[in-house]
Amino acid sequence: MEGEAQEGPLKICRHCSVASRTEAEDCPACGKPYRRQFRWKIWLAVVIIVAAFFVGFGVRKLLQNDDSNDFAGTITLEQGAAVALGDSRSEVIESLDGQDPVLEEDRAQEGGEAGQDAPIESSAQTCLYYPIVGDPDAVWEFCFQDDVLVSSSSLEG
Ligand SMILES: [Zn+2]
């Protein structure tokens, strides 16, 4: 009988400071739990901080990508080769991820060849130039005539 109350580990209640030998989770003196209940709040805070960190990182990453697009306008050789002759200018730009060219140039077409009747309308071409990724000396030239892509080629600088 007398040993029964002595069983269990000695626990000191944080709330009422009464020491009891008990297996119970709650203090027999005041009824409050021995275990700290705010442990989960620490974990919640850690999760929130980690989540906030990754969200912030993601946003920064997005902003960095935006910045690089501002001065890029570069295409890959594959992108350049994938553009089909006959496309309109807007179709070409769309297939290049909507990037604007670094240079746009109106090129006067040379007059009709000797012996041929020169066309009355002067047919000028507009050429768009895109630097090629990984090859700083090369540009891709897209030339349009009447909004139709008539030539597409890479130029080595
Ligand atoms: Zn207590």
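In what order do the elements of the protein run from the N terminus on? They run β-β-α-α-α-β-β-β-β. The model on screen is a predicted one. Colour it by secondary structure and you should find three helices and six strands.

**Stop 1: the whole chain**

Begin with everything selected. The protein has 157 residues, of which 8% count as buried. Now consider contacts between residues at least 6 apart in sequence: 35% of these join residues at least 24 apart.

**Stop 2: the sheet**

Select strands 3, 4, 5 and 6. They form an open sheet with the order 3-4-5-6 and antiparallel pairing. Strand 3, residues 103-107, and strand 6, residues 148-156, stand at the edges; each has a single partner strand, so one side of each has no neighbour in the sheet. Turn the view to look along the sheet. On average, neighbouring strands are turned by 25° against each other, with direction ignored. As background, strands of a sheet pair through backbone hydrogen bonds, either parallel or antiparallel.

**Stop 3: strand 3 and its partner**

Keep strand 3 and add strand 4, residues 125-132. How many bridges join strand 3 to strand 4? There are five, and the two strands run antiparallel. To see one pair of facing positions, select Asp-106 and then Thr-126 in strand 4, which stands opposite. Is strand 3 buried or in the open? None of its five residues is buried, so strand 3 lies largely in the open.

**Stop 4: strands 5 and 6**

Move to strand 5, residues 135-145, and strand 6. Eight bridges join these two strands, which run antiparallel. Val-139 is a useful place to click, with Leu-155 of strand 6 standing opposite.

Follow strand 5 into strand 6 and you pass through a hairpin with two residues between the strands. Select Asp-146, which lies in the loop between strand 5 and strand 6. Its phi is near 55°, a positive value in a residue other than glycine. Then select Asp-147, found in the loop between strand 5 and strand 6. Asp-147 is not a glycine either, yet has a positive phi of about 65°. Are these two residues buried or exposed? Asp-146 has 11 C-beta neighbours inside 10 Å and counts as exposed. Asp-147 also has 11 such neighbours inside 10 Å and counts as exposed. The cut-off for "exposed" is 12 or fewer.

**Stop 5: the nonpolar core**

Which residues make up the largest nonpolar core? Show the side chains of Ile-75, Val-92, Leu-96, Leu-128, Tyr-130, Val-139, Trp-140, Phe-142 and Phe-144; these nine residues form it. Strand 4 and strand 5 each supply at least two residues of this core. The largest share, four residues, comes from strand 5. Val-139, already visited opposite Leu-155, is one of the core residues.

**Stop 6: Tyr-130 and Leu-96**

Stay in the core and centre on Tyr-130, which is found in strand 4. Tyr-130 has 26 C-beta neighbours inside 10 Å and so counts as buried, the cut-off being 20 or more. Leaving aside neighbours within four places in sequence, select the residues in contact with Tyr-130: Gly-73, Thr-74, Ile-75, Leu-96, Pro-101, Val-102, Val-139 and Trp-140. Next, set a distance between the C-alpha atoms of Tyr-130 and Phe-142. The two residues are 12 apart along the chain, and these atoms are separated by 8.4 Å.

Now centre on Leu-96. With neighbours within four places in sequence again left aside, Leu-96 is in contact with Ile-75, Gln-79 and Tyr-130.

**Stop 7: Gly-98**

Where is Gly-98 placed? Look in the loop between helix 3, residues 89-95, and strand 3. Gly-98 has 9 other C-beta atoms within 10 Å, so Gly-98 is exposed. Finish by selecting Gly-73 along with Gly-98. These two glycines are 25 residues apart in sequence, and 9.0 Å separates them in space, C-alpha to C-alpha. Gly-73 has appeared before on this tour, as one of the residues in contact with Tyr-130.

Conventions:
Residues numbered from 1 in each chain as written. Predicted model: local features only at pLDDT ≥ 70, side-chain atom pairs only at ≥ 80, totals over all residues. Pairing = 2+ DSSP bridges. Axes fitted to C-alpha atoms, helices over the stretch in contact; angles between N-to-C directions. Contact = placed C-beta atoms within 7 Å. Core = buried A, V, L, I, M, F, W, Y, C linked by C-beta atoms within 7 Å.
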